[in-house]
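Please report on the strand pairing and the internal cavity of the structure shown here.

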Amino acid sequence: MAYPPIPRARDINSPIEPTGNKLLSGLGPAAWAERADTPDLTVKGEPKIVPMRVATDFSVDRRDPDPRGWEVLGCDGEVAGTIGELWVDRSEPQLRYLEVKLAGGRTVLCPVTCARFHAAKKRVTVKSITAAQFADVPQAKANDRVTLLEEDRIQAYYAGGYLYATPNRVEPALQ
């Protein structure tokens with residue numbers, strides 16, 4: 001996926017205002033570091049963050065609900081897709097990403113830190129972006145690992161949503 005160039009201010013006194021999809025702008029909360037475009041590795045030299053279909057020694061504890069198949073809703077309350085798979089960290093045994101299947105068949109990763117699980121309703125809500133904005137989440141090149149650079153871009157996209165997802169988030173809020 002090609003990323004747009006970072007916009008520049010017209011002069012030293014002008015603010016930098018992102019154009020196009022602000023979540024991909026690389027500005028403010030949507031900024032990322034240019035890390036290595038290689039996966040983080042375990043001490044055994046294997047990719048660290050992988051889906052459970054690869055890390056077959058991982059499972060969801062029988063006492064916990066398995067969210068695969070649950071709907072994923074954006075901050076607008078609309079359905080973005082369903083959870084198809086869970087991505088785990090082999091080095092620090094924990095859930096890292098939800099693999100979300102979108103309506104068009106594309107899958108994207110959603111950081112588990114951005115997701116709120118509602119077991120009674122069998123759904124997950126993501127407060128940072130709208131359902132439609134899931135379509136532009138940066139995608140990993142491989143379906144069985146994620147690189148450090150891809151992780152930063154994915155995390156930045158969701159973080160950017162806290163400011164840029166809707167027009168009212170950019171404006172100051174009076175308490």
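The text below covers the strands, then the cavity.

The model is predicted, so local features need pLDDT of at least 70 and side-chain atom pairs count only at pLDDT 80 or more, while totals for chains, interfaces and linings use all residues. Residues are numbered from 1 along each chain as its sequence is written, and side-chain values use heavy atoms, with hydrogens and water left out.

Strands are DSSP runs of E with at least two residues, numbered from the N terminus; two of them pair if DSSP finds at least two bridges between them. Strand β4 takes part in both pairings listed here.

| Pair | Residues of the strands | Sense | Bridges |
|---|---|---|---|
| β3 and β4 | 79-89 and 94-102 | antiparallel | eight bridges |
| β4 and β5 | 94-102 and 107-111 | antiparallel | five bridges |

β3 and β4 make a hairpin, with four residues between them. Asp 89 has Gln 94 in β4 as its bridge partner. A hairpin is also formed by β4 and β5, again with four residues between the strands, and Gly 105 in that turn has a positive phi of about 100 degrees. Opposite Tyr 97 stands Pro 111 of β5.

A cavity is a set of points on a 1 Å grid over the protein atoms alone where a 1.4 Å probe fits but cannot get out; lining residues have an atom within 4 Å of a point. Grid points are joined across faces, edges and corners, and volume is the space filled by probe spheres set on the points. There is one cavity of 30 Å³ or more, and the largest holds about 30 Å³. Its lining consists of Pro 39, Asp 40, Pro 47, Lys 48, Ile 49, Val 146 and Glu 151. By class, four of the lining residues are nonpolar, none polar and three charged, where Ala, Val, Leu, Ile, Met, Phe, Trp, Tyr, Cys and Pro count as nonpolar, Asp, Glu, Lys and Arg as charged, and the others, Gly among them, as polar.

How values were computed: 1 Å grid on protein atoms, 1.4 Å probe; cavity = no way out; pocket = protein on both sides within 12 Å on 5 of 7 lines; lining within 4 Å.
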